[in-house]
Every structure is written in structure tokens, then in C-alpha cells.
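User: I'd like to learn how to read a protein–DNA contact surface. Can you walk me through one?

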Amino acid sequence: MQFSKTLINWYSINKRSLPWRQTKEPYCIWLSEIILQQTQVKQGLPYYETFLRAFPTVFQLANANESKVLKLWQGLGYYSRARNLHATAMYIVNELNGEFPKTYKELIKLKGIGDYTASAIASICFNEPTAVVDGNVYRVLSRYFGIDTPINSTKGIKEFKSLAQELIDKKKPAEFNQAIMEFGAIQCRPQNPDCEICPLNISCLALKQKRISQLPVKIKAVKAKKKYFNFLVFISEDGKTILKQRKTRGIWQNLYQFPLIETKSEMDFDNFKNHIKNHKLLENVSFELSLYNEKSLVHKLSHQHLYTKFWIVHVKNLKTEGTAINTIKDYAVPILIGNFIESFIF
DNA sequence: AAATCGGGGTA
DNA sequence: TACCCAGATTT
């Protein structure tokens, strides 16, 4: 197959020098693959360095507290990746004597490892010919073969996986898998790819049919819902505030935040002051309320747009234990909270 | 099968 | 704005 040879040749010339390409250590490859899920290389790179420095092997990662892992993950998003990373590290150390499974079939049983990551580790570390299908692969295959099956449909997922599996170079699975992904990231990029210099332009069906900009096809995402978040930033006279760990399912699980009051609409000062007077943290408490941001900060997530206000609540004493303000930087918080903490003068 | 889970980058 | 990113998991 000329397709595979061309890709591998292109890769040998054009691949970026990246730290996880200097090793075949399963721990390193696993770590890099988890970090890079739905994450661009530029964004994930510093996290990879940080994690490897903090946890050089799976044993250090397994022995860490989840809070420490989440703190280092702060800002990268999709925090279930960090929780699953830590849980799987503990499983590998405690149940597998620190040794990684060596096959796709065993790898995919681990928390946080799905079809893509199991294929990546199995091929890169253990030379198993299992094809990876990530966003890059969907794009390259849909264009080159002119396939308009939606890539996020059940049919599309099976179809592209099957096609990639047919195309993989079984003698060089690690090379092929990384080549097609890198090719998608660098050459066959989402917008305005330079098809003039593409080594596959002669036989690319989408180019021939002028459908490059229309492929791959993807089923439309649902529109994000608006939510209205009001954070209570307590400040006591003895230098404490209140941070609470999110234990509910949903976004930011196990991260910390200021006490949150979600409302049906945007709150103004008088409205909100009246709204919180019966709040359990303010019962029989004299407090002085001020609003940090008159205009809501809009924090956009994939499925929610958070219209956020930070309300400063000065009190003499807290009704709970509280957290010393000079230690709040040690807690893993959503970047929305982190940005506030950085800019606010306590 | 569809929804959910982040945050940053691009055009 | 809309879409994308070395996807996985839950509903």
C-alpha cells in the first residue's frame, strides 16, 4: 500500500521532536497519551514535563495523594483524566506489581484507557499492530478516501477504525500510528491545509472533488446551557476564607471552590444581598457585602456557559473552620477560580 | 445513541 | 462565532 509508505516516509522527515518520542517506556507513553486526549501538544507539553518531574515512575504517582495530582493537573481540564490516571497508577502498583499490561486487550480494561489509548500504548511500546483513531486520523482518512460518514456516529467510529486497521503497516505499527496522527496535525490540518505540497495530493479523493473544507463530517454538538454562578469569597478578620471540595458528579469533581450559589438569572447587588441573608454560612452573622465584578465573567465550557460573579463577604469570624488565605494557592481549583485568586488582592 | 466532561487556540 | 484538539465514560 502506497498510502502507508508515503505517510511513514513523510513522518521520518517532518516529525516534531517531542519528549515522549525519545522513549518507549510504557509509563511515559501512557502519561503522554492521557495528557494529550482532546488536548493540543502545545498545551499538554508543560504538564508532561511537570508530571514526569514530580512522579518519575508509576510508583511515585501511585503513592501521591489525589489532591496533589489534581493540583498539578489544574488548568488542563477534563479532570477525570487526572483522577483515573491516579487510580490506574495505584492499580498497576498494587495489583500488577508495577508492571504495565502489554496488550490492547489488557490495556483497555484500565480506567481512563479506551480504544485510542490502548491502541497507542500497545503499538508504540509493544509493537502490537492496533490502529489508533484520533481526531487527526478521522480527518486524514475521511479526506483521502472521501468518506462522509459522520465521525462521531456509531457507524463512523466502526468504519474508520476498521479502515485504519486495514491500512496499518503491521511491520511498523508504532511508526504508522504516529505518522498518520502527525500528518493530520501538521499537513492535513483542519483549516486551510496546503494541499499543493501534500505528498498524497495526487490520490486524495476530497481534493479531487474539492471537498476538503467539508470533510470530515461531524454531527452537530448541542448548544451550551447558560448557568449563573455566584461565589461567596469570605474574608474573616483573622485571615481566613472558605473553600469547599466539589463532591457532586459533573464538572470539576474533587476540585475546590468558594461556596457557590447558583441562581436562575444574573443577580444584582440588592437582589443578591436579600437572597443570601438566610444562607447557613451567614445565619446570625453580621457581614459586609461587596461585588468584585459588576459585569459577569463568562467562562465557556463545552456544554455550559458560566456567567459568574464573585461576591466578597467580610465577616468578623467564620462559622466554620475555614481555610487560611495564605494557603489557598495549594488547592486544586478550576481555572475560573484560579484566575480570580491571582488577580484579587485579599 | 446521545450527553457530558475543560480550557486554549484558530480563522 | 464556530470549530478543533494524540477521547473516555456515563446516561
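User: What share of the atoms of DNA strand C within 4 Å of the protein belong to sugar or phosphate?

Analyst: In this predicted model, sugar or phosphate accounts for 69% of those strand C atoms, and bases make up the rest. Local features need pLDDT of at least 70, side-chain atom pairs need 80 or more, and totals for chains, interfaces and linings use all residues. Side-chain values use heavy atoms, without hydrogens or water, residues are numbered from 1 along each chain, and chains are lettered from A and ligands numbered from 1, in the order written.

User: Which residues come nearest to DNA strand C?

Analyst: A residue is near a strand if one of its heavy atoms lies within 4 Å of it. Here 27 residues are around strand C, and Glu33, Gly112, Thr117, Asp134 and Arg139 come nearest.

User: Which atoms of strand C do glycine 112, threonine 117 and arginine 139 approach?

Analyst: Think polar contacts: pairs of N or O atoms within 3.5 Å. A phosphate oxygen of strand C lies 2.3 Å from a backbone N or O of glycine 112. For threonine 117, a side-chain N or O is 2.7 Å from a phosphate oxygen, and for arginine 139 a polar side-chain atom sits 2.2 Å from one.

User: How many residues of the surface near DNA strand C are charged?

Analyst: Asp, Glu, Lys and Arg count as charged, while Ala, Val, Leu, Ile, Met, Phe, Trp, Tyr, Cys and Pro are nonpolar and the others, Gly among them, polar. That surface has 11 charged, 9 polar and 7 nonpolar residues.

Methods:
A polar contact is a pair of N or O atoms within 3.5 Å; within protein, one must be able to donate a hydrogen and the other to accept it, and residues adjacent in sequence count only if both atoms are side-chain atoms.
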